[in-house]
Amino acid sequence: MEEEAKDLIVLGAINNGSRQFNKISKVTKIKPEELNNILEKLENHGFITIHEKKGWLGKKIELNVTEKGNREIEERIHELEGKWVNMKNAYESGDKQKLQQIMKDEKSFLPTMMFFGVIDIMMFSMMFSMMGMAMSNYIPTEDMSQFDDGATGDGLGDSGMDDGGFDIDIGF
């Protein structure tokens, strides 16, 4: 994933309530050493502030997004939404080559689009179906884990079919 995209994901994680280093690392799945570098960069740009609090168990460091950081998130999400609209238009027009090129060009931002909920995952999967490709060609499996609904595949979970619902296979 591109460095700029990771910075935005970390900023978004802090904005969404992950204000401590361990929580940010867990949510973003970024290694601690790299995360530390990203946080330093975000602080140097004035996107986050670092507050040190004293508690019973020692000092606690909390991160918060600044007003400048909030504006950056909003602008970047707007850009991501524009990229999604381009992908969606290429899909709806049936232009397979154009869609493949857009996805290739925006490959580093696809996980970021997913993180911020810009992508309609159903339409996204239909795009890959149209191109005859697997989503894993563009998005690493660790980035797909955010769409895991908790099902383990061991047959012990609730299938959700006890209410008379239908099981529809749509060929994905």
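## The nonpolar core

In this predicted model, the largest nonpolar core is made up of 39 residues, and those with the most contacts inside it are Val 10, Met 87, Phe 124 and Met 127. Several elements take part in building this core: α1 (3-15), α3 (32-44), β2 (58-65), α4 (67-93), α5 (96-105), α6 (110-115) and α7 (121-131) each supply at least two of its residues. The element that gives the most is α1, which contributes seven residues. In soluble globular proteins, nonpolar side chains tend to be buried together.

Val 10 deserves a separate description. Leaving aside residues up to four places away in sequence, Val 10 touches Ile 24, Thr 28, Ile 30, Leu 35, Ile 38, Leu 39 and Leu 42.

## Helix α1 against helix α2

Two packed helices are described by the angle between their axes and the distance between the axes. For α1 and helix α2, which covers residues 21-28, the angle is about 125° and the axes lie 10 Å apart. Because angles over 145 degrees count as roughly antiparallel and those from 65 to 115 as roughly perpendicular, this value makes α1 oblique to α2. The crossing of these two helices, α1 and α2, is right-handed.

On the α1 side of this packing stand Ile 9, Val 10, Ala 13 and Ile 14, which meet Ile 24, Val 27 and Thr 28 in α2. Val 10 therefore appears both here, facing α2, and among the residues with the most contacts inside the largest nonpolar core.

## Helix α5 against helix α7

A second packed pair is formed by α5 and α7, whose axes are 10 Å apart and meet at an angle of about 120°. That angle makes α5 oblique to α7, while the crossing of α5 and α7 is left-handed. The contact is made by Lys 96, Leu 99, Gln 100 and Met 103 of α5, together with Phe 124, Met 127, Phe 128, Met 130 and Met 131 of α7. Phe 124 and Met 127 are also listed with the residues that have the most contacts inside the largest nonpolar core.

## The chain as a whole

The chain contains eight helices and two strands, and from the N terminus on its elements run α-α-α-β-β-α-α-α-α-α. Of its 172 residues, 35% count as buried, and the accessible surface of the chain comes to about 11100 Å², with 49% of that area belonging to carbon and sulfur atoms.

Among contacts between residues at least 6 apart in sequence, 61% join residues that are at least 24 apart.

Technical notes
Residues are numbered from 1 along each chain as its sequence is written. This is a predicted model: local features need pLDDT of at least 70, side-chain atom pairs count only at pLDDT 80 or more; totals for chains, interfaces and linings use all residues. Side-chain values use heavy atoms; hydrogens and water are left out. Helices (H or I, at least four residues) and strands (E, at least two) are DSSP runs, numbered from the N terminus. Buried means under 20% relative accessible area, exposed over 50%, partly exposed in between (1.4 Å probe, protein chains only). Contact means heavy atoms within 4.5 Å. Accessible areas come from the Shrake-Rupley method with a 1.4 Å probe; for residues, only the protein chains shown count as cover. A nonpolar core is a set of buried Ala, Val, Leu, Ile, Met, Phe, Trp, Tyr and Cys residues joined through side-chain atoms within 4.5 Å. Axes are lines fitted to C-alpha atoms, for helices over the stretch in contact, and angles run from 0 to 180 degrees between N-to-C directions. Angles under 35 degrees count as roughly parallel, over 145 as roughly antiparallel, 65 to 115 as roughly perpendicular and the rest as oblique. A crossing is left-handed if the near helix is turned anticlockwise from the far one by less than a right angle, and right-handed if clockwise.
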